[in-house]
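This report looks at the internal spaces of one protein model and at the ligands placed in it. The sequence and structure come first, followed by notes on each site.

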Amino acid sequence: MASKYIQLDPSRITDLAPRRPLFGLSRTEMAACLAEEGEPAWRAGQLADAIYRQRIEALSQVSTFSRDLRDRMQAKGWDVCRPQIAQVFRSVDGTERYLVQGVAGPETVETVWMPEGDEGEVGDGSEDEGSGERRAWSRATICVSSQVGCAVNCQFCLTAKLGLQRNLTAGEIAGQVVAVLDRQKVEIGKDRLNLVFMGMGEPFLNYDAFLAAVRLLVEEAGLSPQRMTVSTSGIVPGITRFAAEPAEIRPKLAISLNAPDNAVRSEVMPINRKWPIEAVVDAARAIKLRPRERITFEYVLLAGVTDRPEHARLVARLVRRAGFPVKVNLIAWNPGPGVPYAMPDPMAVERFRQTLAEEGVPVYLRRPRGRDIYAACGQLKRTVEA
Ligand code: SAH
Ligand code: SF4
């Protein structure tokens, strides 16, 4: 093996150094890497600013660093290595689905840009902010993946069919967001933007990387945690950890309820046998909510299985018993090949919504986005097929 290397042109030696991604590192980690070069810790601030705020993509673009410093770092294999958008699918409704090239492995992950939001937040009181006519969009949402595939095995979800291929790193999670911000020329602080961790994977089964990504996005990129929502299938230890996070970095929580009781939930989400509804709700009760904050119950309507009026009344009872402020987001099931369910009748959807509303539950209907490009909820699996 070694002889192979000796035969190579020595001028190409830097190609052989393992790539060391700067993207994904915290300021403290950057300071440690700069200390190796004999540089003071404050330089980490310059580097973080260049990578996460100015969104530079190569070390050579860090204008506050001397040429000599950039060269020395590059010689040791350091570079930005931000995840790249490898492919774009554009829907008739303006939604864009991206395949984003990971860094820690060859797989691509999926990220979705919804220029008019995901509808789930309409009526939450925040839609009158934002920047108005400056853009073709005014309240965009980016949907972010946390794993390649998913181990949770919900019976109605296309991503489940992949199984878990691997966890994403913090840089790969935050990198999806920064790559899309860059593509859409989003101005942080000016543009109205929401993030939802609702793409491929279960964020709470990749907790450390998920939270490190949130930290980078809040502390370095300048996004607000109150504009972020993480969705979990109900991983109780994850919810318990999440409840202990400081408010300055804690996103809002959505729980994929998806069923009116434990019997149906165990059928459509086998994970319910491990952590039934009551355990999930108990864990969520420990979260110290901000004023006006609610926990979202997501509820996928499966024809005949979860979409009956009596189901709606059971959900209303669950909401009342939860003991914390809840809103329900209804999602009509999006079909996928080989998934054995049927789309609900629009009448059934409306009746369900109405029943919940009559029971006094704040309820919103999520309009499917980008169904034609497989970008809608539960349709993200094209990664391995593309
Ligand atoms: N793994 C996390 C987050 C990603 S899934 C979770 O399950 O919460 C995001 C949402 O999409 C979940 O609420 C899930 O129930 C929903 N979903 C999955 N497959 C769907 C489908 N085929 N149609 C509509 N919604 C779906
Ligand atoms: Fe995983 Fe969420 Fe799909 Fe369930 S719904 S299989 S937890 S991605």
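Which side chain has an N or O atom 2.9 Å from an oxygen atom of ligand 1? That side chain belongs to Asn 258. The model is a predicted one, and the distances below are computed from it.

## Ligand 1: contacts

Besides the pair with Asn 258, an oxygen atom of ligand 1 lies 2.6 Å from an N or O atom in the side chain of Ser 231. A backbone contact is also present: a polar backbone atom of Phe 156 is 3.2 Å from a nitrogen atom of the ligand. On its own, ligand 1 has 530 Å² of accessible area, and the protein covers 95% of that.

## Ligand 1: surroundings

The shell around ligand 1 consists of 19 residues. Closest to the ligand are Gly 201, Ser 231, Ser 256, Asn 258 and Asn 334. By class, the shell holds nine polar, eight nonpolar and two charged residues.

Ligand 1 takes up space that belongs to the largest cavity. Three elements each give two or more residues to the ligand's shell: β10 (228-232), β12 (295-301) and β13 (326-332).

## The largest cavity

Rolling a probe the size of a water molecule over the atoms shows where empty space is left. In this model the count comes to two cavities of 30 Å³ or more. The largest cavity contains about 500 Å³ of space.

Its lining is made of 31 residues, and those nearest the centre are Phe 156, Cys 157, Met 198, Ser 256 and Gly 378. The strands β10, β12 and β13 each give two or more residues to this lining. Sorted by class, the lining has 17 nonpolar residues, eleven polar and three charged.

## Ligand 2

Which cavity does ligand 2 occupy? The space taken by ligand 2 is, again, the largest cavity. Around ligand 2 stand Cys 150, Val 152, Asn 153, Cys 154, Cys 157, Ala 160, Gly 201, Glu 202 and Ser 233. This shell divides into five nonpolar residues, three polar and one charged.

Some names recur between the sites. Gly 201 is among the residues around ligand 2 and is also one of the closest to ligand 1. Cys 157, another residue around ligand 2, is one of those nearest the centre of the largest cavity.

## The second largest pocket

The second largest pocket holds about 230 Å³ of space. Of the 13 residues that line this pocket, Ile 277, Glu 278, Arg 317, Leu 318 and Arg 321 lie nearest its centre. Two helices, α10 (277-285) and α11 (309-322), each give two or more residues to the lining.

How do the lining residues of this pocket divide by class? Six are nonpolar, six are charged and one is polar.

Note on methods: Residues are numbered from 1 along each chain as its sequence is written. Chains are lettered from A and ligands numbered from 1 in the order in which they are written. This is a predicted model: local features need pLDDT of at least 70, side-chain atom pairs count only at pLDDT 80 or more; totals for chains, interfaces and linings use all residues. Side-chain values use heavy atoms; hydrogens and water are left out. On a 1 Å grid over the protein atoms alone, a cavity is a set of points where a 1.4 Å probe fits but cannot get out, and a pocket is an open set with protein on both sides within 12 Å along at least five of seven lines; lining residues have an atom within 4 Å of a point. Grid points are joined across faces, edges and corners, and a volume is the space filled by probe spheres set on the points. Helices (H or I, at least four residues) and strands (E, at least two) are DSSP runs, numbered from the N terminus. Ala, Val, Leu, Ile, Met, Phe, Trp, Tyr, Cys and Pro count as nonpolar, Asp, Glu, Lys and Arg as charged, and the others, Gly among them, as polar. A residue is near a molecule or strand if one of its heavy atoms lies within 4 Å of it. A polar contact is a pair of N or O atoms within 3.5 Å; within protein, one must be able to donate a hydrogen and the other to accept it, and residues adjacent in sequence count only if both atoms are side-chain atoms. Accessible areas come from the Shrake-Rupley method with a 1.4 Å probe; for residues, only the protein chains shown count as cover. A molecule sits in a cavity or pocket if more than half of its atoms lie within 2 Å of its grid points.
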